[in-house]
Amino acid sequence: MTMIPFNKPFHTDNEATYAQEALQSGRLSGNNQFARKVQDHLRRKHHLENVFLVPSGTSALEMGAWLAGLGPGDEVILPSYTFSSTANAVVMTGARPVFCEVDPLTLNADPDHMEALVTPHTRMLLPIDYAGIPCETDRICAIAKKNDLLVMVDAAQSYGSYDHGRACGSLGDLATLSFHETKNISCGEGGALVVNRPDWLERANFLQEKGTDRSLVLYGQKTKYHWVEIGSSYLLSDILAGVLLSQLESEDLILELRTRVTAAYRNLYHVYEQKGCVKTAPYDSLTDLNSHAFWVCFDTEANKERFLLGLKAKEVFAYIGYMPLHSSPMGARFGYRAEDLPLTQDIASRTVRLPLYADLGREGLDYALDVMRAELERIYG
Ligand SMILES: *Cc1c(COP(=O)(O)O)cnc(C)c1O
């Protein structure tokens, strides 16, 4: 029996070499040589401009929330079907999270519901790109424009995906990326804030550097720096930036390997989708995806449970997606009840995410497919 984990980080050739180089350079803090190289790579490869490398996707969201100027009295509309970090960033500034429903086709935020939730207090829309599938950015930005709102996209899962020819991360006023161990490109813990508003760049520098104008000293515009803003230490060590650069240099290979796994899953699940047993993302109408994740929404919660247990018995580890935030203990503190977002509650109870990592295609994919096929036959055959 082969054990198939849910995720396994991919190793690339020069991680140790670059980390060593960073160590030997004596410049281990943020925004040094490897950070510059990572920024150059992102610019050349995906036209991502003004990328601030930060310690995690979580800190990118927090830095973005402060940069957007959120505070008490403000409301931010985000999906309930997301990770806690998306909401925490809002809550930390004193603003209020307002949860919207999921779009059952993509499991991204439902733009119609987002629009319906806009009030005079709304300041920002905060969608995510679940499983690497871009949210409906054009619609969401149009709603924002009409109502004079900001848009921050939590693109933690969508680095390398494209939305109508535009790289995920380049859309919205702000976008956040994650390079956590569980993401396609990883340096263990890491992230980035993409600032798509040139007029916010100076403040972004201050925020990243503990609220000081140290950046002006580095640019030679001042001789001493001062405390000028609220801020924190939103910097990625150059040792990790070195690891990240090596990963990015292999991103085409990583994408190719992951895409192979997605293709095999599509092939298997297509049969059961045709029979009306399960649903997967609308892959036929989607292109340029990063194959971050593959989810399957079962017809009933009971069948989802049977599937998960059956796989676990054969040591194939699939997991549920998100526990909705609105029906979590923190959601209750904001006055939410489970029945407030019935669609999200229902979809979450029936959805699983399959194991997906670059090496799976060479290490056990056939076994995983056999186990899944047998379980699906047992349930639906
Ligand atoms: C992974 C993830 C995060 C958090 O990123 P970290 O780098 O782990 O802090 C935030 N939002 C979403 C949607 C994620 O998938």
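User: Why is E209 called buried in this model?
Analyst: In this predicted model, E209 has a relative accessibility of 10%. Buried means under 20% relative accessible area, so E209 counts as buried.

User: What makes the contact between E209 and R214 a salt bridge?
Analyst: The N to O distance between the side chains of E209 and R214 is 2.8 Å. The cut-off is within 4 Å, and therefore the pair qualifies as a salt bridge.

User: Why is R214 called partly exposed?
Analyst: R214 has a relative accessible area of 30%. Partly exposed lies between the limits of 20% and 50%, so R214 belongs in that class.

User: How do you know that E256 and R260 form a salt bridge, and what separates them in helix 10?
Analyst: The closest N and O atoms of E256 and R260 are 3.7 Å apart, which is within the 4 Å cut-off. The two residues are 4 residues apart in helix 10 (residues 251–274), so about one helical turn separates them.

User: What makes D112 and R139 a salt bridge, and where in the chain do they lie?
Analyst: Their side chains meet at 3.1 Å, N to O, and the definition asks for within 4 Å. The pair links distant parts of the chain, with D112 in helix 5 (residues 111–116) and R139 in helix 6 (residues 137–146), 27 residues apart.

User: Why is D112 called partly exposed?
Analyst: D112 has a relative accessible area of 48%. Exposed requires over 50% and buried under 20%, so D112 is partly exposed.

Notes. Residues are numbered from 1 along each chain as its sequence is written. This is a predicted model: local features need pLDDT of at least 70, side-chain atom pairs count only at pLDDT 80 or more; totals for chains, interfaces and linings use all residues. Side-chain values use heavy atoms; hydrogens and water are left out. Buried means under 20% relative accessible area, exposed over 50%, partly exposed in between (1.4 Å probe, protein chains only).
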